[in-house]
Structures are given as structure tokens and as C-alpha cells.
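Here is a short report on a protein model. Keep the sequence and the 3D view open while you read.

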Amino acid sequence: QRSWRKMRAQLFAASPSGVARMEKFDVRDDSTALEKTSLRRCARRVIRLSDCVSVGPAGTESCPKATAAFYLTTTEKSYLLASEQRDEWITQLCHLAFQGAKETMQNSARTQPSPAVPMEENSLYSSWQDLTEFPVLVVQTDAATRCGLHGHYLLSALPQSLTLKDPQSRQPLLTWPYPFLRKFGQDQTVFSFEAGRRSDSGEGTFTFSSPRAPELCRAVSAAIACQQQGKDAPDPRLFCAPDPQPPAQGLKTQPWGPGAEEPQPSPPLG
């Protein structure tokens, strides 16, 4: 049976005096905080981030209370970690392990003279904004009429909510947080969702026509899946379990069918 043990960890960026690394220290049984001078006296284990292969969330693992799990895989070993600030740890680890190496290669490339390479515009290029903003046309429903919606808009699948924007000014007009969506779905070129009564627009069904309706539906599913993995927790300590195997990750689409009156915050949304 897997058991968790308390630990503290520090991340160090690469510098002239050291490599990018994570240093792990065990926490004393009385859970008292360790000062920097105490950390130097503790047994430490060093993970070289240059040996890192992958970092990612581990949403299916059973974690200590008020934490969320993620995995760190190196060329020699795989670690399973849990923390209150899981997303921050993943972001920083990826930056030190992967982005730093990328910047080093780019800096090295700049020092090498190279001839001018002819280039042409890629007509298929899509920016980050293009991937989250979808042009839509309102299909009239009772809820859309009540909110005065008609014509063309931009519908953004943001990390926390669906946001309807003015197509010219890109100013937000209506916002639907994902916990306030009872159900959603798409059929060919139509995307539709049912808002709960706690949303700004009030309850009702909103339907939009868009040639990118399948992409829009997938973006909403992915955002809800990411929200499911985040947990609020007061305890900032980091926990570690020995030698885990990274779990298989997957996303499930929110069913378009009969639903509860209002979703509860704790059960999965997707």
C-alpha cells in the first residue's frame, strides 16, 4: 500500500554556480517549519531537471487531504508529488526543465552566423487567441431574446468560464462560469448550452451557430476537466510517494441530456 510522507522542496534555476534542480528535504515528525539553516543540516536528495522527461497532473491519484497530485518523470525514476499549489509547481518545473533548455539553444543559435532564409506567410497560422475565441451567430431562443442577443459575436472558452464578447471591441458582454452550466453540447455547426439560474443571464438555453462548433465543444470540455483537477487547500506542505507510475490522462465530454437543477461544486462536471 502506498504511503505518503511529508517533505519540503526547493527549485533552483541554472546558473554559473549550479545546474537547474529540485532539492527535497524530509519534514520532522512534529511538522515544525524548517529554517534555511536547518535545511542545510537535513538529508537532501537532488533531482537534476536536465534529466526530466515529463511533468503533468495526476488527477486520479488518492492524495493527502487538501492537495492535488502531479508526476515528475526523469530518465532514472518517476516521482509522484502532491501539493496545494500543484499548477504552480508544474509551471515552474516545466519552465526550468524545458523552457530553459530551449532558451539556451536559441541563444546558441543566435551566436552562429547563418544565411538569410527565404520565408513566406503561413495562411493556416492561428494565435492563442484564435484557439480560444470562436465567431458565432446567435440562434434565437427565449433566453437569447430576454438578454437582447442577436447577430454575430465572439464566444471565448476561457479557463474559468464561457464569455460572450462584442466582435468589434472584444469587450465582454455576458459570462457563464462553468459550475453554472447545467449541460452543453454540439451538433455539426451548432453549439448549445443550458445556463443555471445563478448565472448572470439567468437560466435558459443559449444556442449559437458556428463552423467551429466541434472545436468549441472540445475547448469547453478541456477547460472543465482542468477545473476538476484543481482543489482548494489550506495546507501548503508538499507530499511525496515513492516510485509511482504516471496515470493515463483523458478527457470526457459533458453529456447533452437531462441534468440536475444546479450542479454541485464537488462532483465532477465532465
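The text below covers the cores, one helix, the salt bridges, a few loop residues and the cysteines.

**Ground rules**

This is a predicted model, in which local features need pLDDT of at least 70, side-chain atom pairs count only at pLDDT 80 or more, and totals for chains, interfaces and linings use all residues. Residues are numbered from 1 along each chain as its sequence is written, and side-chain values use heavy atoms, with hydrogens and water left out.

**Nonpolar cores**

Start inside. A nonpolar core is a set of buried Ala, Val, Leu, Ile, Met, Phe, Trp, Tyr and Cys residues joined through side-chain atoms within 4.5 Å. Buried means under 20% relative accessible area, exposed means over 50%, and partly exposed lies in between (1.4 Å probe, protein chains only).

The largest nonpolar core holds 27 residues. Leu155, Leu162, Leu164, Trp176, Phe191, Phe193 and Val220 have the most contacts inside it. Helix 5 (residues 213–229) gives the most to this core, with six residues. Helices (H or I, at least four residues) and strands (E, at least two) are DSSP runs, numbered from the N terminus.

What does Leu155 touch, not counting residues up to four places away in sequence? Its partners include Phe134, Val136, Leu162, Leu164, Trp176, Phe191, Phe208 and Leu216. Polar residues are on the list too, among them Thr132, Glu133 and Thr163. Contact here means heavy atoms within 4.5 Å.

A second, separate core has 17 residues. Ala9, Ala20, Val55 and Trp89 are included in it.

**Helix 5**

The buried residues of helix 5 are Ala213, Leu216, Cys217, Val220, Ser221, Ala223, Ile224 and Ala225. They pack against strand 7, strand 8 (152–157), strand 9, strand 11 and strand 12.

The helix length checks out. The expected span is 1.5 Å times one less than the number of residues. For the 17 residues of helix 5 that gives 24 Å, and the end C-alpha atoms are 25 Å apart, which agrees.

**Salt bridges**

Side chains of opposite charge can pair when their charged atoms come close. A salt bridge is a side-chain nitrogen of Lys or Arg within 4 Å of a carboxyl oxygen of Asp or Glu. The structure holds 12 salt bridges. Three of them are tabulated here.

| Pair | N to O distance |
|---|---|
| Asp51 and Arg48 | 3.9 Å |
| Arg86 and Asp87 | 3.9 Å |
| Arg170 and Glu133 | 2.3 Å |

The Arg170 and Glu133 pair links distant parts of the chain, 37 residues apart. Arg170 sits in the loop between strand 9 (161–165) and strand 10 (172–177), while Glu133 is in strand 7 (residues 133–139). Arg170 is partly exposed at 37% relative accessible area. Glu133 is buried at 7%.

Where do the other tabulated residues stand? Asp51 is partly exposed at 26%. Arg48 is also partly exposed, with 43% relative accessibility. Arg86 is buried, with a relative accessible area of 3%.

Some bridges join up. Arg182, Lys183, Glu194 and Glu203 are linked in a network of salt bridges.

**Loop residues**

Thr141 lies in the loop between strand 7 and helix 4 (142–146). At 18% relative accessibility, Thr141 is buried. Which backbone oxygen does the side chain of Thr141 reach? It is that of Thr205, at 2.7 Å. Beyond its neighbours within four places in sequence, Thr141 is in contact with Thr205, Phe206 and Thr207.

Two loop residues have a positive phi although neither is a glycine. For Ala66, phi is about 65°. Ala66 is in the loop between strand 4 (52–57) and strand 5 (68–74), and counts as partly exposed at 21% relative accessibility. For Gln188, phi is about 60°. Gln188 is in the loop between strand 11 (181–187) and strand 12 (190–195), and is exposed at 64%.

**Cysteines**

How many disulfides does a search of the whole structure find? It finds zero, a disulfide being a pair of cysteine sulfur atoms within 2.5 Å. For Cys52, the nearest cysteine sulfur is that of Cys94, 7.2 Å away. Cys94 likewise is in no disulfide. Cys52 is buried at 11% relative accessibility, whereas Cys94 is partly exposed at 26%.

Notes
Polar contact = N/O pair within 3.5 Å; in protein donor to acceptor, adjacent residues only side chain to side chain.
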